[in-house]
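User: I would like to go through the labels used for this structure and check what each one rests on. Please set the values against the cut-offs.

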Amino acid sequence: YGAAGRANTLLNYCGISTQYLDYIVDESPSRQDRFTPGTNIPIVKPSKKDLKADYILILAWNYQEQIVEKCRKSGYKGELIIPLPKVEVV
């Protein structure tokens, strides 16, 4: 969740590509229907199918409270992984 520049830096540094992530959800229309530089992960708009995932990696960790709240209110029951500043699973 979140395709900001800082997220792309983390993905490239850690070698995370489509081998690990099928896609990245981002609410910004200007980022949707594009791919992350270097890792070529598709960026898509949020949809109901995201609620079926076992895990969501929050790449916009500076907005983690808002994203966690939004996911829970929409009915997401899985686990949310927050990579920074300290790895957490909520």
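Analyst: The model is predicted, and the questions below take its salt bridges, burial, strands and cysteines in turn.

User: Why is the contact between Asp-26 and Arg-31 called a salt bridge?

Analyst: The closest side-chain N and O atoms of Asp-26 and Arg-31 are 3.3 Å apart. The rule asks for a Lys or Arg nitrogen within 4 Å of an Asp or Glu carboxyl oxygen, so the pair qualifies. In general terms, side chains of opposite charge can pair when their charged atoms come close.

User: Are the two partners, Asp-26 and Arg-31, buried or exposed?

Analyst: Asp-26 has a relative accessibility of 6%, and because the cut-off for buried is under 20%, Asp-26 is buried. Arg-31 has 34%, which lies between 20% and 50%, so Arg-31 is partly exposed.

User: How many salt bridges does the rule give in total?

Analyst: The count comes to 3 salt bridges. Besides the one between Asp-26 and Arg-31, Glu-27 pairs with Lys-70 at 2.8 Å, and Glu-69 pairs with Lys-73 at 3.0 Å.

User: What makes the pair Glu-27 and Lys-70 a link between distant parts of the chain?

Analyst: The salt bridge of Glu-27 and Lys-70, with N and O atoms 2.8 Å apart, spans 43 residues of the chain. Glu-27 sits in the loop between strand E1 (24-25) and strand E2 (34-35), whereas Lys-70 belongs to helix H2 (residues 64-73). Glu-27 is partly exposed at 39%, and Lys-70 is partly exposed at 42%.

User: Where do Glu-69 and Lys-73 lie, and how far apart are they in sequence?

Analyst: Both are in helix H2, 4 residues apart, which is about one turn of the helix. Glu-69 has 44% relative accessibility and counts as partly exposed. Lys-73 has 67%, and because exposed means over 50%, Lys-73 is exposed.

User: How do you know that Leu-11 is buried?

Analyst: Its relative accessibility is 1%, and the cut-off is under 20%, so Leu-11 counts as buried. Leu-11 is part of helix H1 (residues 5-14). Leaving out residues up to four places away in sequence, Leu-11 touches Ile-16, Leu-21, Ile-24, Thr-39, Ile-41 and Leu-59. One of these partners, Ile-41, is 30 residues away along the chain, with a C-alpha separation from Leu-11 of 9.7 Å.

User: Why is Asn-8 also called buried?

Analyst: Asn-8 has 15% relative accessibility, under the 20% limit, so the label applies. Asn-8 lies in helix H1, and beyond its neighbours within four places in sequence, Asn-8 contacts Thr-36, Pro-37 and Thr-39.

User: What makes strand E5 alternate?

Analyst: Along strand E5 (residues 79-82), Leu-80 and Ile-82 point to one face and are buried. Glu-79 and Ile-81 point to the other face and are not buried.

User: Which strands pair with E5, and in what sense?

Analyst: Strand E4 (residues 55-57) and E5 are parallel, with 3 bridges, and Tyr-55 has Glu-79 as its bridge partner. Strand E6 (residues 88-89) is antiparallel to E5, with 2 bridges, and Ile-82 stands opposite Glu-88. The rule asks for at least two bridges, so both contacts count as strand pairing. A hairpin of 5 residues connects E5 to E6, while E4, H2 and E5 make up a right-handed β-α-β unit.

User: Why are E1 and E2 called edge strands?

Analyst: The open sheet has 3 strands in the order E1-E3-E2, with mixed pairing. E1 and E2 each have a single partner strand, so one side of each is left without a neighbour in the sheet. E1 and strand E3 (residues 42-44) run parallel and are joined by 2 bridges, with Val-25 opposite Val-44.

User: How many disulfides are there, and how accessible are Cys-14 and Cys-71?

Analyst: The search of the whole structure finds 0 disulfides. A disulfide requires two cysteine sulfur atoms within 2.5 Å, so no cysteine pair in the model meets that limit. Cys-14 is partly exposed at 45%, whereas Cys-71 is buried at 7%.

Note on methods. Residues numbered from 1 in each chain as written. Predicted model: local features only at pLDDT ≥ 70, side-chain atom pairs only at ≥ 80, totals over all residues. Heavy atoms only, no water. Buried < 20%, exposed > 50% of the residue type's maximum accessible area, 1.4 Å probe, protein only. Contact = heavy atoms within 4.5 Å. Right-handed = clockwise from strand over helix to strand, strands pointing away.
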